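Student: I have a structure to read and some terms to sort out. Can we go through them one by one?

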Amino acid sequence: ALCFKRRLFYAGEPARATYRSGCRIAQPYFFSRFRGRHAMDAAGALPAVAASLAGATGAYMLYSKRRGLDRDASGGTGASFDGQLAAGVNMLSNADSVLRRDEVAGSMGAYADLFEGKTGQHSGNGLEGDGAVTAQASIDKRREGYRTMVNNFYDLVTDFYEYGWCQSFHFAPRYRGETFLESIKRAEYYLCSRLGMKPGVAALDVGCGVGGPMRNMAVFSGATIEGITINEYQVKVGNKYCEQQGLGKTAHLTRGDFQNLPGFRADDKHRLWEGINYQGQDWTARFDVAYEIEATCHSPDKVRCFSEVARCLKPGGLFAGYEWVVLPERGYDASNARHVAIKEGIEIGNGLPTLATPADVVAALEAAGFEVLEHGDANANAHAPTEIPWYDTLDGKMSLSGFRMTRLGRACTHAMVSSLEFLRVAPKGTSHVSAMLNATAIDLVEGGKDEIFTPSYFFLARKK
């Protein structure tokens, strides 16, 4: 007789088998004994198997650590993380790192203090919308310490971003039938077309990250692009990618502060941050066009930031970008505790002083000397049947290529780095960074679903 339901055998008892379903069937005595002996042999071998697996895993981690990362600017994630273990032993601790292993936990702690110790919490778990992070005193603290906040943030998250996302650290509107990376590049090429970028045009990338958009846009348009980021690690890695891709003469990263671009006038309020040295450069009226992609949301004073961009543009120069904003016109309500919790969760997990509104962005551009030609949410039709919502990759949709971005993929990564941190393979504090990024992903999704937040508020402005 055959039965395909689950069975529980009792070795040594002839002609007996008990089914969890209550069904019974006779078994020969010798078969029962045969299974029992082999089960005991297998049980005795388990410690040896476990030891072998542990040894092999340890040897692989050691090999991955000694091998380090192969930087690849050709596309995809860029940094070559060959599997999760290889990622775990190299994230936050590789040959290019500027943050020492013993500094990771302290850097994360200093960052958490700027957000009232709420890193790792989200609107559904710990953030109650009580306004602690939205309080003016908390915002002022982050505005005052924004350079530490942003630099620490990118010291901590750059490897996670490259591993789970790609070299272009931004979102994008996406159409049905379009892959994630295709949508990312299309958003970048759209800026090229609106700015008239072509060979002979000099462009400024304001807050360039590791330079993923810059390289894509340089290849697409033929323009020469200079990027600026406050983070030393990103400059080091980004220029390595530019050279590797043969773009050393057309795409370059400079370490600096977009609140004080080269050639700014220093005074008691405006000084260069430690470690930044422009070596006498002056970018005044140097560029034909400028753009920012989800970068100036980090600015503590948008009028100052945009004024510096205007100073570096030639008369009539164009400035375009995608800005992170909450959307009162779509329903964001500052008196709604859930909305506030979502907003704070996004700010905490992304190094933001506070999220602006579209009106704030337009007013800052005008105050900085720009004529705003166009503005609007590039994700306004995110829930149309022809589009895939910009947050879809964070919301658990499964694919072989995009698994790392999904909620399950992020959970696997977090479990992996937590284990490696416990084993002292990954630096102390790595799991805290992972928990923070997992939490903010949840709030990004909630903000997108409710249409109270967008990361892609487009603007196009001309220097007066």
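Tutor: Start with the second largest pocket. Its lining residues divide into two nonpolar, three polar and seven charged. Keep in mind that this is a predicted model.

Student: What makes residues of that lining count as charged?

Tutor: Asp, Glu, Lys and Arg count as charged. The lining includes Arg143, Glu144, Lys269 and Asp301. Those names are on the list, so these residues are charged. His270 also lines the pocket. His is not on the charged list or the nonpolar one, so His270 counts as polar.

Student: Which elements give two or more residues to this lining?

Tutor: Helix H4 (136–144) and H5 do. The space in this pocket is about 310 Å³.

Student: Why is the 840 Å³ space called a cavity?

Tutor: A 1.4 Å probe fits in a cavity but cannot get out, whereas a pocket is open. The largest cavity, of about 840 Å³, was found by that rule, so the word cavity says it is closed to the probe. The count comes to four cavities of 30 Å³ or more.

Student: What lines the largest cavity?

Tutor: There are 48 lining residues. Closest to the centre are Tyr154, Tyr161, Phe169, His170 and Asn350. H5 gives the largest share, seven residues. The lining divides into 26 nonpolar, 17 polar and five charged.

Student: Now the rings. How many aromatic pairs are there?

Tutor: The search of the whole structure finds 21.

Student: Why is the pair of Tyr111 and Phe115 called tilted?

Tutor: The centres are 5.0 Å apart. The limit is 6.5 Å, so the rings pair. The planes are 40° apart. Stacked needs under 30 degrees and edge-to-face over 60, so this pair is tilted. Tyr111 and Phe115 are both buried.

Student: What makes Phe319 and Phe459 edge-to-face?

Tutor: Their planes are 75° apart, which is over 60, so the pair is edge-to-face. The centres lie 5.1 Å apart, within the 6.5 Å limit.

Student: How do you know that this pair links distant parts of the chain?

Tutor: Phe319 is in strand S8 (residues 313–326). Phe459 is in strand S11 (residues 453–463). They are 140 residues apart.

Student: Are these two buried or exposed?

Tutor: Both Phe319 and Phe459 are buried. Buried means under 20% relative accessible area, so each falls below that cut-off.

Student: Which residues do ring pairs link into a cluster?

Tutor: Trp165, Phe171, Phe180, Trp324, Trp390, Tyr391 and Phe453.

Notes: Residues numbered from 1 in each chain as written. Predicted model: local features only at pLDDT ≥ 70, side-chain atom pairs only at ≥ 80, totals over all residues. Heavy atoms only, no water. Phe/Tyr/Trp six-rings, centres within 6.5 Å; stacked < 30°, edge-to-face > 60°. Buried < 20%, exposed > 50% of the residue type's maximum accessible area, 1.4 Å probe, protein only. Helix = DSSP H or I, 4+ residues; strand = E, 2+ residues; numbered from the N terminus. 1 Å grid on protein atoms, 1.4 Å probe; cavity = no way out; pocket = protein on both sides within 12 Å on 5 of 7 lines; lining within 4 Å. Points joined across faces, edges and corners; volume = space filled by probe spheres on them.
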